[in-house]
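Thanks for coming, everyone. I have one chain to show you today. Please look at the screen, and then we will walk through it.

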Amino acid sequence: VVVRSLQSATASDTASANAEVSQFAFSSASISYQPLPAEAKADTTVIIIAVVAGSVVLIFIVLLILVCCCSGRSHGNAPKDASKPFSLIFTDIQSSTSLWAEVPDDMA
């Protein structure tokens, strides 16, 4: 089908071109339903099972990585022997915020 400009075509050319286009467009447009054969349904089931299984494995791997690598605390330096005593010391320097602002070199 040749596309022509409406401005340069004559009335008869336009009418014949429209008839060709409409005949072409309507004669080739058809929709029909055909059910899938049994083999295609089996293939679809296998694909769905594979996608679900792959998703479960991927979620398991992501959760395993999060649990192993992102536990948040390191207990490597914690005291291991309960028979040995250890001490925790908490201190507070009075007006430490203003001291950090006034003399940061001395505070470091």
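First, a term. Helices (H or I, at least four residues) and strands (E, at least two) are DSSP runs, numbered from the N terminus. By that rule, this chain has four helices and zero strands. From the N terminus on, the order is α-α-α-α.

Now the ground rules. This is a predicted model, where local features need pLDDT of at least 70, side-chain atom pairs count only at pLDDT 80 or more, and totals for chains, interfaces and linings use all residues. Residues are numbered from 1 along each chain as its sequence is written, and side-chain values use heavy atoms, with hydrogens and water left out.

Next, confidence. pLDDT is the predictor's confidence in each residue, from 0 to 100. The chain has a mean of 74, and 70% of its residues reach 70 or more. Where is confidence lowest, and where is it highest? The low point is helix α1, residues 11-28, with a mean of 54. The high point is α2, at 86. Over residues 1-7 the pLDDT is below 50. Beyond near neighbours in sequence, that stretch makes four contacts in the model (a contact is heavy atoms within 4.5 Å).

On to the surface. Accessible areas come from the Shrake-Rupley method with a 1.4 Å probe; for residues, only the protein chains shown count as cover. The chain exposes about 10,400 Å², and carbon and sulfur atoms supply 64% of that. Buried means under 20% relative accessible area, exposed over 50%, and partly exposed in between. Of the 108 residues, 3% count as buried.

Look at helix α2, residues 38-69, where Leu64 lies. Leu64 is partly exposed because its relative accessible area is 44%. Leu64 joins Val57, Phe60, Ile61 and Ile65 in a nonpolar surface patch, with about 470 Å² accessible together. A patch takes residues with over 30% relative accessible area and no salt bridge; like charges are joined within 9 Å, nonpolar side chains (Val, Leu, Ile, Met, Phe, Trp, Tyr) within 5 Å. A salt bridge is a side-chain nitrogen of Lys or Arg within 4 Å of a carboxyl oxygen of Asp or Glu.

Now Ser95. Ser95 sits in the loop between α2 and α3 (96-102). Its phi is positive, about 60 degrees, although Ser95 is not a glycine. At 46% relative accessibility, Ser95 is partly exposed.

Last stop: Met107, in helix α4, residues 104-107. What does Met107 touch, not counting residues up to four places away in sequence? Ser96, Leu99 and Trp100. Met107 and Ser96 are eleven residues apart along the chain, and their C-alpha atoms are separated by 8.6 Å.

How values were computed:
Buried means under 20% relative accessible area, exposed over 50%, partly exposed in between (1.4 Å probe, protein chains only).
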